[in-house]
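Trainee: I would like to go through this model with you. Please give me the value and the cut-off each time.

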Amino acid sequence: MGNVLIVGDLHGNAEHALNLVRVAARNDCDKVFAVGDFGAWEHMASGRRYFDVVNKAAKRAGVTVYFLDGNHDKTSLLHELYAEQRDDEGFLMCRKHLRYAPAGHRWTWDGTTFAAFGGARSTDKGRRLAWEARKAEQLRKRRRYGSSKSADTTGTLWFPEEEMTDDELSELLAADGSPVDVLLTHDKPRASQPKWNRKDKPECYPNQDRIQTVVQTLRPGLLFHGHLHVRYTGTIAAGDGHWTRVEGLACDPDASQYLEYSTDHTWYVLQLPCAADAMTESESRSLPA
Ligand SMILES: [Fe+2]
Ligand SMILES: [Fe+2]
């Protein structure tokens, strides 16, 4: 089995997706895993086309693309459409070569155990809801002249499912709280402190606290996340002498606001199998900050 290319937010950027598929093929990766804000917008024709384009490119390159929930993904629709179409590992098959890992999903690749806990809080929620309302008003006006059938724009720009509730998280961890080697999330754990942090806002803390709880329960040796749109490496305590190395990944070029951005910051080649145990304290101290 090949390696896994873990990638940051794509936000539906097809050109960037095709580039990442090429990077995967070059690096002996037969899987690409996007850690949220992938661009799951199948409520729009352009979103369905994006899925088709990625699926076709993945098929041609001999890779499968996976993703978990970002705050800007309409994943409620994926559950509606694909809950009955699961592959052997429990992923929802959106397309043959494009698969979705819902929150709390666990699996094993080449002896390495993984868990996905997506979701985050949108700091631009108010702006997105205002856009939805404006669109609804425009559609209502057009409908008056008989040129539009529907004025319902609810859930087209802001998605109520964007973050787990405390109860949902408790349920998932109660169902299985056993350790994993690699944890994949969209949001950062609360304790992780990158130098450039555009999500250091009180409304973001509850979900970061949830991810911190996941870290301290599952004690992964490695955690990959997106959402901050910046590349960094850090180390956080996972309790009882365990440490977790945190790898934050940058996003597609069109959405980046980081001055030192490079597309190389958007991906990480994870070689399998990777270390089964969480790092010891001495290992973690030898890592770059
Ligand atoms: Fe994002
Ligand atoms: Fe995000």
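Trainee: Leaving aside its neighbours within four places in sequence, which residues is Phe51 in contact with?

Mentor: Phe51 is in contact with Phe38, Gly39, Ala40, Glu42, Phe67, Leu78, Cys94, Arg95 and Leu98. Contact means heavy atoms within 4.5 Å. Some ground rules. This is a predicted model, where local features need pLDDT of at least 70, side-chain atom pairs count only at pLDDT 80 or more, and totals for chains, interfaces and linings use all residues. Residues are numbered from 1 along each chain as its sequence is written, chains are lettered from A and ligands numbered from 1 in the order in which they are written, and side-chain values use heavy atoms, with hydrogens and water left out.

Trainee: Which residues have the most contacts inside the largest nonpolar core?

Mentor: Phe38, Phe51 and Phe67, in a core of 26 residues. The term covers buried Ala, Val, Leu, Ile, Met, Phe, Trp, Tyr and Cys residues joined through side-chain atoms within 4.5 Å. Strand 1, helix 1, strand 2 (29-34), helix 2 (45-61), strand 3 (64-68), helix 3 (75-82), strand 4 (92-95) and strand 5 (98-101) each give two or more residues to this core. Helix 1 provides the largest share, five residues. Helices (H or I, at least four residues) and strands (E, at least two) are DSSP runs, numbered from the N terminus. Apart from this core lies another, of 21 residues, with Ala101, Val182, Leu184 and Leu270 among them.

Trainee: Now the metals. What makes a residue a donor of the iron ion (ligand 1)?

Mentor: Distance. Donors are N, O and S atoms within 2.8 Å of the metal (3.2 Å for Na, K and Ca); water is not among the atoms, so sites may look incomplete. Asp9 (OD), His11 (NE2), Asp37 (OD) and His229 (NE2) coordinate the iron ion (ligand 1) at 2.1 to 2.2 Å.

Trainee: Why is the arrangement around the iron ion (ligand 1) irregular?

Mentor: Its four donor atoms subtend angles of 84 to 167°. Four donors are tetrahedral if all angles lie between 85 and 135 degrees; four count as square planar and six as octahedral if opposite donors are over 155 degrees apart and all others between 65 and 115; anything else is irregular. So the arrangement is irregular. Asp9 sits in the loop between strand 1 (3-7) and helix 1 (14-26), and His229 in the loop between strand 9 (222-225) and strand 10 (232-239), so the pair ties together parts that are 220 residues apart in sequence.

Trainee: And what are the protein donors of the iron ion (ligand 2)?

Mentor: Asp37 (OD), Asn71 (OD1), His186 (NE2) and His227 (ND1), lying 2.1 to 2.4 Å from the iron ion (ligand 2). Their angles run from 87 to 160°, which makes this arrangement irregular. Asp37 bridges the iron ion (ligand 2) and the iron ion (ligand 1), which lie 3.4 Å apart.

Trainee: How do you know that His186 counts as buried?

Mentor: Buried means under 20% relative accessible area, exposed over 50%, partly exposed in between (1.4 Å probe, protein chains only). His186 has 0% relative accessibility, so it counts as buried. His227, at 2%, is buried. His229, at 7%, counts as buried.

Trainee: Why is Asp110 called partly exposed?

Mentor: Its relative accessible area is 32%, so Asp110 is partly exposed. Asp110 is in the loop between strand 6 (105-109) and strand 7 (112-117).

Trainee: What is noted about phi of Asp110?

Mentor: Phi is near 50°, a positive value in a residue other than glycine. His229 also has a positive phi, near 65°.

Trainee: What kind of aromatic pair do Phe224 and Tyr268 form?

Mentor: Rings of Phe, Tyr and Trp (its six-membered ring) pair if their centres lie within 6.5 Å; planes under 30 degrees apart count as stacked, over 60 as edge-to-face and the rest as tilted. The whole structure has 18 aromatic pairs. Phe224 and Tyr268 lie 4.9 Å centre to centre with 65° between the planes: edge-to-face. Phe224 is in strand 9 and Tyr268 in strand 12, 44 residues apart.

Trainee: How do you know that the charged end of Arg190 sits over the ring of Tyr205?

Mentor: The rule asks for NZ of Lys or CZ of Arg within 6 Å of the ring centre and within 35 degrees of the ring normal. The charged end of Arg190 sits over the ring of Tyr205, 3.9 Å from its centre. Lys31 sits likewise over the ring of Trp109, at 4.9 Å from its centre.
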